[in-house]
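Colleague: Please take one part of this model and look at it closely. After that, work outward through the rest of the chain.

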Amino acid sequence: MRKVVVYEFLSLDGVAEEPDRFFGDWDDVMDANQTALIVTQDAVVLGRRTYDEWAPFWPSSDIQPFAAFINEVTKHIATSTPLDRDWPNATAIDGELVEFVRDLKEQGGGDIGVHASISVAQALLAAGVVDELRLVVAPRIAGSGRRLLDGLPSLELESIRGEASPTGSLLADYRVRR
């Protein structure tokens, strides 16, 4: 069975919204972490807001290797309205998000990534569909903004990796226990 892996950038106080506000320094350890993650994924689930922000940005970006990955990977977009941008391999999810992802997990293939997309990550975590939570925590307090873990039920996590990057970010990977 495929794994659903949520990958999020957070401030130290748990804010996931607009990570450009609190992430300034990117280093080789963070780059290697992201590269190791994306090589395992052959499908991504994104929310509509992330789609609207990313579809015009990533096709012309030279931020590698993520630009090549996100432009080529199969992208399933959680939305109730038609997609209005031409972004290769992006399709709207037909039906309910959680059920769609449960069905996708049963199909053959690599890991299924959830990048950014706070509402999608929250819905899938609450439904018990997420297998791993991989966080990059900036050494900054955002103070305000949407927090990834707000409103979730109690979840038991098992630490599978923890590392500090040279610029002070924490790379924390957890397995979601059921």
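Colleague: Start at the end of H5. Which residue follows H5, and is its phi positive or negative?

Modeller: Gly-128 follows H5, and its phi is positive, near 75 degrees. Bear in mind that this is a predicted model.

Now the helix itself. H5 spans residues 118-126. Its buried residues are Ile-118, Val-120, Ala-121, Gln-122, Leu-124 and Leu-125. A general point helps in reading such a list. In an α-helix there are 3.6 residues to a turn, so residues three or four places apart point the same way.

Step back to the other end. Ser-117 sits in the loop between strand E5 (111-115) and H5. Its phi is also positive, near 45 degrees, and Ser-117 is not a glycine. Most residues other than glycine have a negative phi, and most peptide bonds are trans. Ser-117 counts as buried because its relative accessibility is 6%, and buried means under 20%.

H5 also takes part in the largest pocket. At least two lining residues come from H5, and the same holds for E1, H1 and helix H2 (48-54). H2 gives the most, with five residues. The volume of this pocket is about 1,100 Å³. In total, 33 residues line it. Nearest its centre lie Phe-9, Pro-19, Asp-20, Trp-54 and Ala-116. By class, the lining holds 15 nonpolar, eight polar and 10 charged residues.

Two more backbone features deserve a look. Asn-89 is not a glycine, yet its phi is positive, about 65 degrees. It lies in the loop between strand E3 (74-78) and strand E4 (90-92). With a relative accessible area of 43%, Asn-89 is partly exposed, whereas Ser-117 is buried. The other feature is a cis peptide bond, from Gln-64 to Pro-65, with omega near 10 degrees. Pro-65 belongs to the loop between H2 and helix H3 (66-72).

The E3 to E4 loop also holds Leu-83. Leu-83 is partly exposed, at 24% relative accessible area. Take it as one end of a long span. The C-alpha atoms of Leu-83 and Gly-14 are 30 Å apart, and 69 residues separate the two along the chain. Gly-14 sits in the loop between E1 and H1. It counts as buried because its relative accessibility is 19%, just inside the cut-off of under 20%. From Gly-14 to Thr-40 there are 26 residues in sequence and 26 Å in space, C-alpha to C-alpha.

Leu-12 is also found between strand E1 (4-10) and helix H1 (28-38). At 54% relative accessibility, Leu-12 is exposed, since the cut-off for exposed is over 50%. Leu-12 joins Ile-141 and Leu-170 in a nonpolar surface patch. Together the three have about 320 Å² of accessible area.

Next, the charges. Side chains of opposite charge can pair when their charged atoms come close. A search of the whole structure finds 14 salt bridges. One of them joins Arg-21 to Glu-18, with the closest N and O atoms 3.7 Å apart. Arg-21 is partly exposed, at 41% relative accessibility. Another pairs Glu-132 with Arg-134, and there the closest N and O atoms are 2.6 Å apart. Both Glu-132 and Arg-134 are buried.

A further bridge runs between Arg-161 and Asp-173, with a closest N to O distance of 3.0 Å. This pair links distant parts of the chain, 12 residues apart: Arg-161 in strand E7 (residues 157-164) and Asp-173 in strand E8 (residues 170-176). The two ends differ in cover. Arg-161 counts as partly exposed, with 27% relative accessibility, while Asp-173 is buried at 6%. There is also a network of salt bridges, which links Glu-156, Glu-158, Arg-175 and Arg-177.

Back to where you began. H5 has the buried Ser-117 in the loop before it and Gly-128 after it. Ser-117 and Gly-128 each have a positive phi. H5 itself supplies at least two residues to the lining of the largest pocket.

Notes
Residues numbered from 1 in each chain as written. Predicted model: local features only at pLDDT ≥ 70, side-chain atom pairs only at ≥ 80, totals over all residues. Heavy atoms only, no water. Patch = residues over 30% accessible without salt bridge, like charges linked within 9 Å, V, L, I, M, F, W, Y side chains within 5 Å. Areas by Shrake-Rupley, 256 points an atom, 1.4 Å probe, with all protein chains shown as cover. Salt bridge = Lys/Arg side-chain N within 4 Å of Asp/Glu carboxyl O. Helix = DSSP H or I, 4+ residues; strand = E, 2+ residues; numbered from the N terminus. Buried < 20%, exposed > 50% of the residue type's maximum accessible area, 1.4 Å probe, protein only. 1 Å grid on protein atoms, 1.4 Å probe; cavity = no way out; pocket = protein on both sides within 12 Å on 5 of 7 lines; lining within 4 Å. Points joined across faces, edges and corners; volume = space filled by probe spheres on them. Nonpolar A, V, L, I, M, F, W, Y, C, P; charged D, E, K, R; others polar.
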